[in-house]
Structures are given as C-alpha cells and as structure tokens.
Amino acid sequence: MGKHITFIGLDVHKETITVALAESGGRDDVREYGRIANTPEALTRVVTKLQRVGGELRFCYEAGPCGYGIQRQLTAAGHDCVVVAPSLIPRKPGERIKTDRRDAVNLARLHRAGELTAVWVPDPAHEAIRDLVRTRLMAVRALRQARQQLSGFLLRHGRHYSRQAWTLMHRRWLSGLRFEQPLHHIVLEDLIAAVEAATERRDRLTRQIEAAVPAWS
C-alpha cells in the first residue's frame with residue numbers, strides 16, 4: 001500500500017487564499033477546504049491541521065503577482081510546493097468562468113494527475129537582482145517616454161534639431177530655444193528636467209547593477 005498523499009491547490013490572491021484538497025488514489029474526491037487570509041500565520045494554521053491527518057502534503061499554486069513567499073514558507077517547513085505556469089495549465093474546452101473555488105479545485109486535481117508544469121523558483125538573492133534589473137527596464141521606458149514628450153512639444157512648435165539628439169550639443173541647443181509665450185519656457189524647462197531626472201535614474205540603476213554583478217552567481 002502506497003504512501004497517502006494529499007494534493008493541495010492554493011488559489012492565491014492579495015488578501016485571501018482558497019484551499020482545495022485532492023487525496024491520492026481517488027478520482028472525484030476533490031473538495032474545497034475553505035478560504036483563509038493570505039498571511040504566513042493563517043497558512044501555518046492550515047498546514048498544522050492538515051498534518052494531523054497524516055501522510056504527505058504536496059502544495060501548488062499559480063505564479064503571479066504575489067511572488068514566491070508561500071513556496072518558500074512551505075518548503076522551509078519541509079513540504080513539497082510547486083509554483084505552476086498559468087499559461088500551461090490544461091483547460092477544458094469552453095471553460096471560461098473562473099472562480100476562486102473552481103481554480104483551487106482544478107489545481108489540486110491536476111497536481112494529483114501530474115499535469116502541471118512548474119516554473120523555476122529563484123532564491124531570494126537571484127530574485128533581488130532580477131527585481132533590480134526589472135526596475136532599470138522601467139527606468140529606461142520612463143526615459144523614453146520623457147524624451148518623446150519633449151520631442152512632441154518641440155515638434156508642435158516648429159523646433160527641429162537636425163543632428164543627433166540627446167547629446168551635449170543637443171542639450172545646449174535646447175537651452176538656447178526661445179518662445180513668444182513665457183509659459184512655453186516653463187513647459188520646456190519642466191520637460192528638460194524630466195528627461196534629466198529620468199536619465200540620472202537609469203544611469204544610477206545601471207551603476208548599481210554593475211556593482212552587484214561581481215558578487216552574484
């Protein structure tokens with residue numbers, strides 16, 4: 001007789017986690033356990049209760065904005081927990097209506113059937129460097145947007161620069177622009193300041209990444 005395993009699907013949201021259970025050896029006995037607060041304390045209480053039944057606990061939940069804290073907590077407690085790729089979860093034809101309960105039950109059932117595809121879970125150090133890189137990408141996009149706003153303003157007022165933009169010479173050209181309306185000078189100065197601030201942010205994050213890389217494997 002094989003080891004008894006309880007497969008546990010977690011539908012994770014910012015405030016709540018819906019829990020569903022699928023027992024090993026069964027086919028239709030998947031049931032909703034309940035909904036708990038999305039806190040480490042609430043999750044610990046549920047795990048403690050489930051352990052009293054005996055057997056092995058195997059958890060799963062979808063990768064999403066709530067990150068990997070649940071996976072790390074459960075793994076540190078000695079339990080198997082996989083984070084699955086949402087785009088690779090098998091869906092029944094015509095299955096469009098999603099509810100927390102249905103998603104949790106579906107996860108538990110598919111986990112028991114071995115039909116879920118796990119994603120790689122980074123360690124905290126790797127996640128930190130990845131967040132830093134992601135932040136720099138956001139800074140690059142913000143700089144691009146700031147430049148586009150400045151260029152759009154200049155285009156609307158017939159100011160054209162025929163050489164390579166965003167150089168020191170281009171900056172001097174911007175400083176020498178004159179407008180008939182004084183308020184347009186305020187707009188120009190604000191747009192230039194936005195570009196400079198965005199440039200400094202991108203460069204600062206670039207330096208921080210360069211400093212972090214030697215100690216990162």
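These legends accompany four close-up views of a predicted model.

**View 1. Strand S1, enclosed on both faces.** Welcome to strand S1, which covers residues 5-12. All eight of its eight residues are buried, so the strand is largely enclosed by the rest of the structure. Follow one side and you meet Ile5, Phe7, Gly9 and Asp11, all buried. Turn to the other side and Thr6, Ile8, Leu10 and Val12 are buried as well. Both faces of S1 are therefore covered, with buried meaning under 20% relative accessible area.

**View 2. The partners of S1 in the sheet.** Here we look at how S1 pairs with two other strands, S4 and S2. Strand S4 (residues 56-62) runs parallel to S1, and six bridges join the two. To find your place in this pairing, look for Ile8, whose bridge partner in S4 is Phe59. Strand S2 (residues 16-23) runs antiparallel to S1 and is joined to it by seven bridges. A handy landmark in this pairing is Gly9, which stands opposite Ala20 of S2. The link from S1 to S2 is a hairpin, made through three residues.

**View 3. His79 and its surroundings.** This histidine sits in the loop between helix H2 (69-76) and strand S5 (80-84). Is His79 buried or exposed? With a relative accessibility of 12%, His79 counts as buried, because the cut-off for buried is under 20%. The side chain of His79 makes a polar contact of 3.3 Å with the side chain of Gln51. Leaving aside residues up to four places away in sequence, His79 touches Val47, Gln51, Leu57, Phe59 and Leu74. Two of these names may be familiar: Gln51 is the polar partner just described, and Phe59 is the residue of S4 that bridges to Ile8 in View 2.

**View 4. Helix H4 from end to end.** Our last stop is helix H4, with 33 residues from 124 to 156. From its first C-alpha to its last, H4 reaches 48 Å, close to the 48 Å expected at 1.5 Å a residue. At the start of the helix, a side-chain oxygen of Asp123 comes to within 3.1 Å of the backbone nitrogen of Ala125. Which residues of H4 are buried? They are His126, Glu127, Ile129, Ala139, Leu143, Ala146, Leu150, Phe153 and Leu154. These buried residues pack against H2, helix H5 (168-175) and helix H6 (182-212). After H4 comes Gly158, which has a positive phi, near 70 degrees.

Note on methods. Residues are numbered from 1 along each chain as its sequence is written. This is a predicted model: local features need pLDDT of at least 70, side-chain atom pairs count only at pLDDT 80 or more; totals for chains, interfaces and linings use all residues. Side-chain values use heavy atoms; hydrogens and water are left out. Buried means under 20% relative accessible area, exposed over 50%, partly exposed in between (1.4 Å probe, protein chains only). Helices (H or I, at least four residues) and strands (E, at least two) are DSSP runs, numbered from the N terminus. Two strands pair if DSSP finds at least two bridges between them. A polar contact is a pair of N or O atoms within 3.5 Å; within protein, one must be able to donate a hydrogen and the other to accept it, and residues adjacent in sequence count only if both atoms are side-chain atoms. Contact means heavy atoms within 4.5 Å. The expected span of a helix is 1.5 Å times one less than its number of residues.
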